[in-house]
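I opened my notebook to look up a few things in this model. I wanted short entries that I could check against the picture.

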Amino acid sequence: PARPHRNLVYPSSMAPLHKHNSSIRIMQWNILAQALGEGKDGFIRCPLDALNWEERKYLILEEILTYSPDILCLQEVDHYYDTFQPIMASLGYQGSFLAKPWSPCLDVAQNNGPDGCALFYRRSRFSLQATAHLRLSAMMLPTNQVAIVQTLSCRATGRQLCVAVTHLKARSGWERLRSVQGADLLQSLRSITSQGGPSSPEEGAGPVPLVVCGDFNAEPSEDVYRRFSSSTLRLDSAYKMLSSDGETEPAYTSWKIRPSGESCSTLDYIWYTHDALSVDCLLDIPTEEQIGPDRLPSYHYPSDHLSLLCDLSFREGPHMLM
Ligand code: NDP
Ligand code: CA
């Protein structure tokens, strides 16, 4: 079946400026671990065929290639070494993968290894300055959730950008753990972005602008969301720009039906430093009709989470180069 079309939306405040040659395209996507989709999730309205990896992987890759992001942040990757790493490398991307310490995929018979987070950047556009592989902590204790943080340098301008990808603890009842994991990640990000790289052309120009992509497993009403939106890192959530008031998150980024019932929720976010970066455009969210009565995943949509995509530009400022 044909892929449902999604429009790029240019927020009204940005309309005249919308084609930035220099904008950086970011994609955030929980692609649904193959072992969890087939073995654990219980998506009762999704045909088993639609979960067949040999077909589903092409839908995932097609979606990535259609939008051709400069930076790709993925969660629930359990086919990194045999699929995403080699294919993305052949397309000019550099990848990094960090498995969850106790991935639930390992409980599934004939699994393909642990799932984890992956971060890819376009090699022609960026060079790597630093990588941190983090295991998120709660009250000093290590948890089962991870993050990758990379400081990149834009080859054309020398500007630095710090990018992070994470996947916080799932399920209701774990709001407090998510909040503490978020606090731990913010603390690490404060430390990483305050330093700047050794080859920074803007020495002393302030902290490195930041993009944080993730499946936070948290609605906007949760404490971890409040922590991110009010942090001293001055982060804003890109997808609020899709709403008419610019203040409201989408109604859903994930929509699925399990034996326990239907779950329609906003869990995924692209955070960005709002005084250093601006949102030029966003990929719209499919309507309920496009998603269809059996919800996600499906023959049309390979994951129970929707991909998020936005173009970000560096704001011009007297202290900034170019
Ligand atoms: P999480 O609770 O964070 O969830 C793991 C995955 O399950 C996520 O990918 C999540 O998807 C998905 N999920 C969420 N809700 C449901 C649901 N209702 N039904 C089915 N799947 C769901 O897992 P943890 O990282 O805390 O890992 C727990 C697992 O780790 C255990 O099941 C066990 O197998 C394993 N384990 C852990 C040990 C440990 O010390 N922590 C030791 C040994 C094993 P999404 O994010 O999309 O919602
Ligand atoms: Ca999942």
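Entry one. I began with a single bridge: Ile148 is partnered by Val165 in β8. I kept in mind that this is a predicted model. Next I looked up how β7 and β8 pair. They run in the antiparallel sense, over 7 bridges. My textbook reminder: strands of a sheet pair through backbone hydrogen bonds, either parallel or antiparallel.

Entry two. I then traced the sheet. It is open, has 6 strands and follows the order β6-β7-β8-β9-β13-β10, with mixed pairing. Which strands stand at the edges? I found β6 and β10 there, and each has a single partner strand, so one side of each lacks a neighbour in the sheet. On average, neighbouring strands are turned by 20° against each other, direction ignored.

Entry three. I turned to α4. This helix lies across β6, β7, β8, β9 and β10, and runs at about 145° to β6. I checked its length. The 21 residues of α4 (175-195) should span 30 Å at 1.5 Å a residue, and the end C-alpha atoms are 31 Å apart, so the two agree.

Entry four. I listed buried residues of α4, including Leu177, Val180, Leu185, Leu186 and Leu189. Arg178 and Gln181 are also among them. What do the buried residues of α4 pack against? My list reads β6, β7, β8, β9, α5 (223-229) and β10.

Entry five. Last, I looked up the calcium ion (ligand 2). Two Glu76 (OE) entries coordinate the ion, at 2.2 to 3.1 Å. I placed Glu76 in strand β3, residues 71-77.

Methods. Residues are numbered from 1 along each chain as its sequence is written. Chains are lettered from A and ligands numbered from 1 in the order in which they are written. This is a predicted model: local features need pLDDT of at least 70, side-chain atom pairs count only at pLDDT 80 or more; totals for chains, interfaces and linings use all residues. Side-chain values use heavy atoms; hydrogens and water are left out. Donors are N, O and S atoms within 2.8 Å of the metal (3.2 Å for Na, K and Ca); water is not among the atoms, so sites may look incomplete. Helices (H or I, at least four residues) and strands (E, at least two) are DSSP runs, numbered from the N terminus. The expected span of a helix is 1.5 Å times one less than its number of residues. Buried means under 20% relative accessible area, exposed over 50%, partly exposed in between (1.4 Å probe, protein chains only). Contact means heavy atoms within 4.5 Å. Two strands pair if DSSP finds at least two bridges between them. Axes are lines fitted to C-alpha atoms, for helices over the stretch in contact, and angles run from 0 to 180 degrees between N-to-C directions.
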